[in-house]
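Good morning, everyone, and thank you for making room for this. I would like to walk you through a structure that will be new to most of you, so please have a look at it first.

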Amino acid sequence: MKRLVFYIFLLLMTACEHTEVKADYVMHDDYYYTNDSKYYLSPYLDEHFIRFETQHTTDVIKELTNQGLQISEDPTISTYNFGDEYIIPDEIKYGSTISVKGRGQIDDIPNVIYSHHLYITESGEIFGRSNFITVYYDVERTDEQIKSILRHAESLKIHPISNDSTFGTLILACTNHSSGNPIEIANWFVEVGGFQATPDEGYSSEGTSSFN
């Protein structure tokens, strides 16, 4: 009986420690994972990726230019295949994207869904032109793992948009209401959620800043 009580005590202690680690977790974007490798990033604060409601393209561009921001990538209507297995907010499903140079109060512009500064990779590429995350799951445990991912997604305020059960990938979208940007949340899924995850690789070779 004493041995049983001891094992129960150890179990409770382990559970408390695990909960404390999660509670103390700090979102970070200094690197991201691809498989078992880490790819380090440096903030590129002078350029931003933005997703906004397509029907308000003219108004959004006007507000951006009024703040002195320069368009570095023209507006593009999203052509992503969102699928039909999830209820996706219209502002995400029918959104457009744009990249701008400069600094301003972008989050305060009406009808902006997501905005964040870009990053420079170690090889000098500009990274971060996406608000999507890919989370990988075990196809042998599809139902169980998808339920877990969706539970995490709800708590992190991110939206499931597409599932590929053949390859075991679930795509999720961040907004300005999410708990972090795609890099931060992908890292959370790896380091806390226990899943393999990576931010979508939206990048280009136009960067001129060096990695610090």
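Let me begin with a term that I will need shortly: a polar contact is a pair of N or O atoms within 3.5 Å, where, within protein, one must be able to donate a hydrogen and the other to accept it, and where residues adjacent in sequence count only if both atoms are side-chain atoms. Please keep in mind that this is a predicted model, in which local features need pLDDT of at least 70 and side-chain atom pairs count only at pLDDT 80 or more, while totals for chains, interfaces and linings use all residues. Residues are numbered from 1 along each chain as its sequence is written, and side-chain values use heavy atoms, with hydrogens and water left out.

First, the overall picture. The protein has five helices and 11 strands, where helices (H or I, at least four residues) and strands (E, at least two) are DSSP runs numbered from the N terminus. Of its 212 residues, 42% are buried; buried stands for under 20% relative accessible area, exposed for over 50%, and partly exposed for what lies in between, with a 1.4 Å probe and protein chains only. If we take contact to mean heavy atoms within 4.5 Å, then among the contacts in the protein with a separation of 6 or more, 76% are between residues 24 or more positions apart.

Now to the polar contact that I had in mind. Thr-134 lies in strand E7, which covers residues 132-136, and Thr-134 counts as buried because its relative accessibility is 9%. Its side chain is joined to that of Asp-200 by a polar contact of 3.0 Å. Beyond its neighbours within four places in sequence, Thr-134 is also in contact with Thr-169, Leu-170 and Ile-171, as well as with Gln-196, Ala-197 and Thr-198.

A second pair involves strand E5, residues 112-121, where we find Ser-115. Which side chain does Ser-115 meet in a polar contact? The partner is Asp-107, at 2.2 Å, again side chain to side chain. Ser-115 is buried, since its relative accessibility is 6%, and, leaving aside neighbours within four places in sequence, its contacts include Phe-49, Ile-50, Ile-106 and Asn-176. Asp-107, for its part, is found in the loop between E4 and E5, and with the same kind of neighbours set aside, Asp-107 is in contact with Ser-115 and Asn-176. From Asp-107 to Ile-50 there are 57 residues in sequence, and 9.3 Å in space from C-alpha to C-alpha.

Strand E5 also holds Ile-113, which is buried because its relative accessibility is 7%. Although Ile-113 and Glu-53 are 60 residues apart in sequence, their C-alpha atoms are 7.0 Å apart in space. Not counting residues up to four places away in sequence, Ile-113 touches Arg-51, Phe-52 and Glu-53, then Glu-91 and Ile-92, and finally Thr-175 and Asn-176.

Let me turn to the helices. Helix H4 (residues 142-156) and helix H5 (residues 182-193) pack at an angle of about 130°, with their axes 12 Å apart; axes are lines fitted to C-alpha atoms, for helices over the stretch in contact, and angles run from 0 to 180 degrees between N-to-C directions. H4 and H5 are therefore oblique to each other, given that angles under 35 degrees count as roughly parallel, over 145 as roughly antiparallel, 65 to 115 as roughly perpendicular and the rest as oblique. H4 contributes Ile-149, His-152, Ala-153 and Leu-156 to the contact, and H5 contributes Ile-185, Trp-188, Phe-189 and Gly-193.

Is His-152, which belongs to H4, buried or exposed? It is buried, because its relative accessibility is 14%. The C-alpha atoms of His-152 and Phe-189 are separated by 8.4 Å, with these positions 37 residues apart along the chain counted as their distance apart.

I will finish with two backbone details. Asn-35, in the loop between strand E1 (31-34) and strand E2 (37-53), has a positive phi of about 55° although it is not a glycine, and Asn-35 is exposed, with a relative accessible area of 54%. Asn-111, in the loop between strand E4 (95-101) and E5, likewise has a positive phi, near 75°, without being a glycine; Asn-111 is partly exposed, with a relative accessible area of 24%.
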